[in-house]
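Visitor: Please pick one part of this model for me and look at it closely. Then show me how the rest is arranged around it.

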Amino acid sequence: MSYPNTSKRSKHEESEKGGEIDQEVAVSISEKPVIKVAAICGSLRKASYNRGLIRAAIELSKEQIEGLHVEYVETAALPMLNTDLEVDGKFPAEVEVFRQKILEADCCLFASPDYNYSVTPILKNALDWGSRPPNVWAGKTAAAISAVGGGRRAQYHLRQIGVFLDLHFINKPEFYMNAHRPPGKFNADGDLVDSETKDNLKEMLLSLQAFTLRLQGKG
Ligand SMILES: Cc1cc2nc3c(=O)[nH]c(=O)nc-3n(C[C@H](O)[C@H](O)[C@H](O)COP(=O)(O)O)c2cc1C
């Protein structure tokens with residue numbers, strides 16, 4: 001879902017008014033559509049590094065990236081997938097809320113740990129609930145990030161799952177890091193404090209934004 005960005009005026013608008021500001025026109029003209037990102041974490045751990053990356057992405061998008069809104073979408077309350085829980089075409093309430101959040105987003109950011117060379121059951125469960133007809137992932141752009149180097153393997157599996165879900169992943173830049181290896185890049189609260197990693201994350205978010213706008217014919 002895209003929202004008009006009402007905070008800026010176009011050059012055209014300014015020149016037509018001879019430099020004067022017409023407040024009404026200023027709030028109605030859209031310069032850059034806002035891309036809404038649903039951020040999903042594959043870890044339930046309280047001190048999850050991957051969730052720390054999502055918090056950093058939220059902060060970066062707020063402070064440094066115009067036109068990108070990242071929202072964390074909780075998966076902890078989702079029951080383990082069981083189609084018996086689908087009654088009269090309805091999903092359990094927590095699933096309905098989750099699916100609606102995905103439907104409202106333009107794209108998805110998956111923070112994926114590596115569990116035994118693949119995606120975590122938490123993430124797969126969320127992907128599977130979203131895939132139940134009608135598939136809420138269809139046509140969305142996506143990016144994957146990982147707090148551990150092994151996450152690259154999980155990311156390949158995630159991309160493969162994305163083929164059937166009709167998710168369109170950006171190819172570059174890849175984003176992974178080694179959160180467990182010193183020097184520490186997260187503080188005691190699990191917040192990302194390493195500036196180089198933040199720069200890499202920002203590059204990845206900009207790439208996701210550009211790709212999403214391009215796919216939506218707005219870029
Ligand atoms: C069941 C399990 C399997 C794991 N398998 C791998 C693995 O194959 N490769 C790897 O690099 N790390 C593996 N790890 C380590 C996690 O990916 C790592 O601890 C990561 O930081 C967890 O993400 P989080 O910090 O967001 O919770 C595994 C962890 C668990 C609990």
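**The core and the helix that packs on it**

Guide: Start with the largest nonpolar core, which has 52 residues. Ala 39, Leu 53, Ala 57 and Leu 109 have the most contacts inside it. Keep in mind that this is a predicted model.

Take Leu 109. Set aside its neighbours within four places in sequence, and Leu 109 is in contact with Val 37, Ala 39, Ile 54, Ala 57, Val 70, Ala 143, Ile 145 and Leu 208. Two of the names with the most contacts in the core, Ala 39 and Ala 57, are among these partners. Leu 208 leads to the part I want to show you: it is one of the buried residues of helix H7.

H7 covers residues 195-215. Is its length right for a helix of 21 residues? At 1.5 Å a residue, H7 should span 30 Å, and its end C-alpha atoms are 30 Å apart, so the two agree. Along H7, the buried residues are Leu 201, Met 204, Leu 205, Leu 208, Gln 209, Phe 211 and Thr 212. They pack against strands and one helix: S2 (34-41), H3 (49-64), S3 (68-72), S4 (107-111), S5 (141-146) and S7 (175-176). After H7 comes Gly 217, with a positive phi near 75°.

Strand S2 is one of those partners. Ile 35 sits in S2. It counts as buried because 27 other C-beta atoms lie within 10 Å, and 20 or more is the cut-off. Ile 35 and Leu 213 are 178 residues apart in sequence, yet their C-alpha atoms are 7.8 Å apart in space. Distant pairs also count across the chain. Of the contacts with a separation of 6 or more, 78% join residues 24 or more positions apart.

Now step back to the whole chain. It has seven helices and seven strands. From the N terminus, the order is β-α-α-β-α-β-α-β-α-β-α-β-β-α. Of the 219 residues, 33% count as buried.

The loops before H7 hold two cis peptide bonds. One joins Lys 172 and Pro 173, with omega about -5°. Pro 173 is in the loop between strand S6 (168-169) and S7. The other runs from Pro 182 to Pro 183, with omega near 0°. Pro 183 is in the loop between S7 and H7.

Another loop follows S4, the strand at residues 107-111. Asn 116 and Tyr 117 both lie between S4 and H5. Neither is glycine, but each has a positive phi: near 50° for Asn 116 and near 70° for Tyr 117. Asn 116 is exposed because it has 9 C-beta neighbours inside 10 Å, and 12 or fewer is the cut-off. Tyr 117 is exposed too, with 10 other C-beta atoms within 10 Å.

There is also a ligand. It is surrounded by 14 residues, and the closest are Ser 43, Ser 48, Asn 50, Pro 113 and Gly 150. That shell divides into seven nonpolar, five polar and two charged residues.

Last, confidence. The mean pLDDT of the chain is 89, and 86% of its residues reach 70 or more. Residues 1-21 stay under 50, although the model gives them 30 contacts beyond four places in sequence. Residues 24-28 are also below 50, with five contacts beyond near neighbours in sequence.

Conventions. Residues are numbered from 1 along each chain as its sequence is written. This is a predicted model: local features need pLDDT of at least 70, side-chain atom pairs count only at pLDDT 80 or more; totals for chains, interfaces and linings use all residues. Helices (H or I, at least four residues) and strands (E, at least two) are DSSP runs, numbered from the N terminus. The expected span of a helix is 1.5 Å times one less than its number of residues. Two residues are in contact if their C-beta atoms, placed from the backbone, lie within 7 Å. A nonpolar core is a set of buried Ala, Val, Leu, Ile, Met, Phe, Trp, Tyr and Cys residues joined through C-beta atoms within 7 Å. A residue is near a molecule or strand if its C-beta atom, placed from the backbone, lies within 6 Å of it. Ala, Val, Leu, Ile, Met, Phe, Trp, Tyr, Cys and Pro count as nonpolar, Asp, Glu, Lys and Arg as charged, and the others, Gly among them, as polar. pLDDT is the predictor's confidence in each residue, from 0 to 100.
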